[in-house]
Amino acid sequence: MHYARKGIVTEEMAYVAARERLEAAIVRDEVARGRLVLPANVNHTNLEPMGIGIALACKVNANIGNSAVTSDAEGELRKLQVALKYGADTVMDLSTGGDIDRIRQEILRHSPVPIGTVPIYQVLKERKTVSDIRADDLIDMLEHQAKQGVDYFTIHAGVLAEHLPLAAHRITGIVSRGGSILAQWMIEKKKQNPFYVHWDKVLEVCARYDVTISAGDGLRPGCLADASDAAQFAELKTLG
């Protein structure tokens, strides 16, 4: 965005323009307007630049990642190869257990497409409990993963303390794992969302490594529910 707003077409912009069969100036202008992103961490050296934005073709993301009890680096690489074979434009490593760092390093080393993460997952894995998470842990994890070469972060900075009462009677609750972790943190600590409070630090880390931000939707589509809504929902479940 820095170069685009100066009227400069970078090599990445030119590459994306050629892939999309567009004029390079269109890619540059859309990046400058904030309507097009090129997830391309400076440390992801085997990346083939691609773009996401309204002026470009629709993109498909594939989620992979291990749990605390299943899979390993080799298993995740097999998932990556399948995702690439069938045309995934980006891939997210949502690992929540095991040797997360090694798994991510291997995925990045073998992936020509942008790799994304939800950094708070690894923070919780390392701290064990939500109550032990410190605000600094979240920023430090962004720096750590950015150094590895992660191209974009999903950050749930929009789930604020004042929103939590509105979600209390929601049929689906807070369905986002990252959003629910932050909600529990805010309730236990009686503090505001640390990503929101320290947004300037988030931007500093992302700017340093050219990491794209995916603004995590902590709630996703749904509605507030009263007793009559709950009864109707139960009836719908009975009807299948």
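Begin with the aromatic rings: in this predicted model, a search for aromatic pairs returns zero, and the tour therefore turns to a ring that has a charge for company, since the charged end of R177 sits over the ring of Y121, 4.7 Å from its centre.

Next, keep Y121 and R177 on display and select the two helices that carry them, α5 (residues 119–127) and α8 (residues 177–189), whose axes come within 9 Å and cross at roughly 55°. At that angle α5 and α8 are therefore oblique to each other, and the crossing in which α5 passes α8 is left-handed. To see the contact itself, show the side chains of I120, Y121 and L124 on α5, which meet R177, G178, I181 and L182 on α8. Coloured by class, this contact of α5 with α8 has five nonpolar residues, one polar and one charged.

Now move to a second helix pair by selecting α3 (residues 73–85) together with α4 (residues 100–110), which pack at an angle of about 35° with their axes 9 Å apart. Here the crossing of α3 past α4 is right-handed. On the α3 side, select A73, E74, E76, L77, L80 and Q81, and on the α4 side R102, I103, E106, I107 and H110, for these residues make the contact. Colouring by class once more, the contact of α3 with α4 has five nonpolar, two polar and four charged residues.

With both pairs on screen, which way does each crossing turn, left-handed or right-handed? The passage of α5 by α8 is left-handed, whereas that of α3 by α4 is right-handed.

Methods:
Residues are numbered from 1 along each chain as its sequence is written. This is a predicted model: local features need pLDDT of at least 70, side-chain atom pairs count only at pLDDT 80 or more; totals for chains, interfaces and linings use all residues. Side-chain values use heavy atoms; hydrogens and water are left out. Axes are lines fitted to C-alpha atoms, for helices over the stretch in contact, and angles run from 0 to 180 degrees between N-to-C directions. Helices (H or I, at least four residues) and strands (E, at least two) are DSSP runs, numbered from the N terminus. Angles under 35 degrees count as roughly parallel, over 145 as roughly antiparallel, 65 to 115 as roughly perpendicular and the rest as oblique. A crossing is left-handed if the near helix is turned anticlockwise from the far one by less than a right angle, and right-handed if clockwise. Contact means heavy atoms within 4.5 Å. Ala, Val, Leu, Ile, Met, Phe, Trp, Tyr, Cys and Pro count as nonpolar, Asp, Glu, Lys and Arg as charged, and the others, Gly among them, as polar. Rings of Phe, Tyr and Trp (its six-membered ring) pair if their centres lie within 6.5 Å; planes under 30 degrees apart count as stacked, over 60 as edge-to-face and the rest as tilted. A charge sits over a ring if NZ of Lys or CZ of Arg is within 6 Å of the ring centre and within 35 degrees of the ring normal.
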